[in-house]
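Subject: Structure for you to look at

Hi,

Here is the structure I promised to pass on, with my notes underneath. Have a look at it first, then read on whenever you have a moment.

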Amino acid sequence: MAARGQSPQGAAPDGAERRSRLRQYQVQLLERMQAAGSGAVDRSKRLGVMLGARRCLLDLTQVGEIAPAAGIVAVPLARDWYLGLCNIRGALTGVIDLARYQGEAGGAPGPDSRVVTFAPGLGFNCALLSGRVLGLRKPGEMAALAAPPGAPAWAARRYRDADGQDWTGVDLALLVREARFSDIGL
C-alpha cells in the first residue's frame, strides 16, 4: 500500500499528478459551492437545540454558526431575556434567551451551552442561547401537531418524534420581524 502523497510505486507524485489532484479538488469544491448557492441543499433537516426546557428545530438556512457560550457580558438597562453581548469571531453579537423572551424559566450558560447565531441574510446580528445542541433532525419524519392557542407565528409549528418527544419549529425570519424582539431596553 502506498503512503499518503506517494504514487503506488513508492515514488513521490510528480508535478502533473499533483496538479491533476488539485484540479479535481477545485472542481469538487466549486460544485459544492454552486449547490449551496442555488439552494440545492437538503432542506428537510433542521438543527435541534434546547431553548430553555423546550426542544426546538431551527431551519439551517436561518442559522449562521454555533459557538461556545462564553464571555457573555451583560448590558445595563436591558430586558432579562437579553443576556448581553459576546464576541464571535471579532463581531459583537447580542445573545437572547428565547425561553425568557416567551415568559418561561430561562437557563444560565453551562458547559454544554452554545450560542446559535442568526444567518447574515436575516440582517440581525443576534444569537440564541442554547442549553444543548441536539444535532440534525428531520421534521418530515415526525408527526405534525396542532399549534397551541396563542402561539406566535414564529413558533406555531409543532412536531412529535418517534420517541414521543415534542419539538417546536422556530422560524427566525418571523421572530426578527416581531416588534417586541427589537425592543431590548427597559
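Arginine 54 is a good place to begin: this residue belongs to strand 2, which covers residues 54–59. Please keep in mind throughout that this is a predicted model. The side chain of arginine 54 makes a polar contact of 2.3 Å with the side chain of glutamate 104. Leaving aside residues up to four places away in sequence, arginine 54 touches Val49, Gln102, Glu104, Arg158 and Thr168.

Now to the sheet around strand 2. Six strands make up this open sheet, in the order 8-1-2-11-10-9, and their pairing is mixed. Strand 8 (132–137) and strand 9 (143–145) are at the edges with a single partner strand each, so each has one side without a neighbour in the sheet. From one strand to the next, the twist averages 35°.

At the strand 9 end, strand 9 and strand 10 (residues 157–160) run antiparallel and are joined by 3 bridges. Within strand 10, arginine 158 is the residue opposite leucine 145. Arg158 is also one of the residues that arginine 54 touches.

You will probably want to know about pockets. The largest pocket has a volume of about 260 Å³. It is lined by 13 residues, and those closest to its centre are Arg46, Arg157, Tyr159, Gly169 and Asp171. Which strands each supply at least two residues of that lining? They are strand 2, strand 10 and strand 11 (166–170). Sorted by class, the lining has 7 nonpolar, 4 charged and 2 polar residues.

There is also an open sheet of 5 strands, again with mixed pairing, and its order is 3-6-7-5-4. Strand 3 (63–68) and strand 4 (82–88) are the edge strands here, and each of them pairs on one side only. In this sheet, the twist from one strand to the next averages 35°.

As for how strand 3 is held in this sheet, 4 bridges connect strand 3 with strand 6 (residues 114–118), and these two strands run antiparallel. Valine 63 has phenylalanine 118 in strand 6 as its bridge partner.

If you open the model to look at the pocket, Arg46, Arg157, Tyr159, Gly169 and Asp171 are the lining residues to select for its centre. For the side-chain contact, select arginine 54 and glutamate 104.

Happy to talk it through whenever suits you.

Best wishes

Key
Residues are numbered from 1 along each chain as its sequence is written. This is a predicted model: local features need pLDDT of at least 70, side-chain atom pairs count only at pLDDT 80 or more; totals for chains, interfaces and linings use all residues. Side-chain values use heavy atoms; hydrogens and water are left out. Two strands pair if DSSP finds at least two bridges between them. Axes are lines fitted to C-alpha atoms, for helices over the stretch in contact, and angles run from 0 to 180 degrees between N-to-C directions. A polar contact is a pair of N or O atoms within 3.5 Å; within protein, one must be able to donate a hydrogen and the other to accept it, and residues adjacent in sequence count only if both atoms are side-chain atoms. Contact means heavy atoms within 4.5 Å. On a 1 Å grid over the protein atoms alone, a cavity is a set of points where a 1.4 Å probe fits but cannot get out, and a pocket is an open set with protein on both sides within 12 Å along at least five of seven lines; lining residues have an atom within 4 Å of a point. Grid points are joined across faces, edges and corners, and a volume is the space filled by probe spheres set on the points. Ala, Val, Leu, Ile, Met, Phe, Trp, Tyr, Cys and Pro count as nonpolar, Asp, Glu, Lys and Arg as charged, and the others, Gly among them, as polar.
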